[in-house]
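User: Hi! Could you walk me through this structure with some questions and answers?

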Protein chains: 2
Amino acid sequence: MSSTRDIDALIEMMAKLPGLGPRSARRAVLHLIRKRALLLTPLADLMQTVAATARECLNCGNVGTSDICDICTSEKRANGELCVVEDVADLWAMERSSVFKGRYHVLGGTLSALDAIGPQELRIPRLIDRVATEGITEVILALNATIDGQTTAHYIADQLDGQVRLTSLAQGVPIGGELDYLDDGTISAAMRARKSV
Amino acid sequence: MSSTRDIDALIEMMAKLPGLGPRSARRAVLHLIRKRALLLTPLADLMQTVAATARECLNCGNVGTSDICDICTSEKRANGELCVVEDVADLWAMERSSVFKGRYHVLGGTLSALDAIGPQELRIPRLIDRVATEGITEVILALNATIDGQTTAHYIADQLDGQVRLTSLAQGVPIGGELDYLDDGTISAAMRARKSV
C-alpha cells in the first residue's frame, strides 16, 4: 500500500465494522478523505462525543446518553406494558413502528447452552424484579422467531407464570409478503392463526 | 427513535458512507457503542489524525500525509514509467499487485461531456507537463475498461502522440475466470489477442 500508516490503520479499523469489508472500507475512507473538512472532521467529532456520552440504561438496557434512558424516565410510557426484546436494535425497530406505547426491557441476547449464556448473563433477574416493582400488567415477549429466541421466551414465560399477563407477537404472513417466497413454518403458523373476514 | 440526538446524528452520517445504508449504519453504530472504549474512541482519534494530516499529492494526486507522496519522492520509482489511473483506489489496487515499479498519475475521474468534465477538470495538463519534464519513456494508460475510461485514454493518447511510448493494460480472460460467465466483449478481446502456446 502506498498510503501512509494512519490511513492504512483507519481502513483496517473501518473494515472490522459489521457490514463493511476491506474493499468497502477503502472506498469509505477515500470518500472521507476527499471530503475531509465536510465529513471526516465532523464524523470524528461526533464519534468523540458519542464515545464520551453513550451508555446503557441501568434499568432497561437501552442505549442513550443518561444512566436512565428517556423511555424509562417518561411517565407517559408507564402504562403497565413491558416489551421484552433481545437487542437495542430490536427496540429501535419497535420504536420506528410507533405502535407500542409502554416501556422496554432489553435482554442483551438469548439463552444459549452452547455459548454458556444463562439467565444471569442476560437481564432476566432484572426483568423479574421490574415486573414485581414497576406495576407491570402485561409482558409482551417480542423475541426473534428463532430457536434461541423462542427458548428464551419459554424460559421467561415459566419464570413469570401467574404474576402477569404474558403475550407474544403474532406470527403470520408479513405485509407485502408473497406466499410463494415464504417458508413452510410461516405459512403453517399463518394458517393455524387464521381469522374470519 | 428513542436514542438521543448525537447517536441519531452519528447513524445518519454513517449511513451516507458508500457501502452503508440506514440499517447497516445502525448496526455499525450499536457495535461501536457497545465497544466504545475499545473501538469508538480509537476510531474517532484516528479519524481526527487522518483529517488533519491526509492530503492529495501535488504532483500525482495520490492520497498521503505529505505534499509530495512517498512514491513521487522515492528515487527507486523513477524508472521512466508512468501509470495513468482514474482514481486513488485504482492506484492502491495496482500497488497491491506489486507488479508496477514506476510512478503514477491519478486523473481524478474521466472526461465526460454529460457532466461537463473536460481536460482542465482532470489532471491532464499536469500529466502532459510531467511527461515533458520527468524523463518519462513510457506512459501506461491503466484506465477502466468503460466507455468513459476508454474515451479518456484516447484523448490522452492523442495529446501525447509521438512524445513517448504509449501502452495500455492487456484485455482478456481474468485469472480464475470461467468463459460461461464472461461477457461477449471480453471473450472477443481475448480471442483477438490470442497467444501461441
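User: Let's start with B:Phe100: is this residue buried or exposed?

Analyst: Happy to help! First, this is a predicted model, in which local features need pLDDT of at least 70 and side-chain atom pairs count only at pLDDT 80 or more, while totals for chains, interfaces and linings use all residues. Residues are numbered from 1 along each chain as its sequence is written, chains are lettered from A and ligands numbered from 1 in the order in which they are written, and side-chain values use heavy atoms, leaving out hydrogens and water. Buried means under 20% relative accessible area, exposed over 50% and partly exposed in between, with a 1.4 Å probe and protein chains only; B:Phe100 has 7% relative accessibility, so the residue is buried.

User: Which kind of aromatic pair do A:Phe100 and A:Tyr104 form?

Analyst: Rings of Phe, Tyr and Trp (its six-membered ring) pair if their centres lie within 6.5 Å; planes under 30 degrees apart count as stacked, over 60 as edge-to-face and the rest as tilted. By this rule there are two aromatic pairs over all chains. In the pair of A:Phe100 and A:Tyr104, the ring centres are 5.2 Å apart and the planes stand at 65 degrees, so the pair is edge-to-face.

User: What is the relative accessible area of A:Tyr104?

Analyst: Its ring partner A:Phe100 counts as buried at 7% relative accessibility. A:Tyr104 is buried as well, and its relative accessible area is 2%.

User: What rotation superposes chain A on chain B?

Analyst: Two copies of a chain are related by a rotation about an axis and a shift along it. Here the copies are superposed by least squares on the C-alpha atoms of residues with pLDDT of at least 70 in both. The shift along the axis is 0.0 Å, the RMSD is 0.1 Å, and the rotation is 180 degrees. That is the relation of a two-fold axis.

User: Which residue of chain A comes closest to the rotation axis?

Analyst: The distance is taken at the C-alpha and comes to 2.3 Å. The residue of chain A closest to the axis is A:Ala44.

User: Where the chains meet, which residues of α1(A) touch α3(B)?

Analyst: Contact means heavy atoms within 4.5 Å, and helices are DSSP runs (H or I, at least four residues) numbered from the N terminus. On the α3(B) side, the residues met include B:Leu39, B:Leu43 and B:Val50. The residues of α1(A) are A:Asp6, A:Ile7, A:Ala9, A:Leu10, A:Met13 and A:Met14.

Note on methods:
Helix = DSSP H or I, 4+ residues; strand = E, 2+ residues; numbered from the N terminus.
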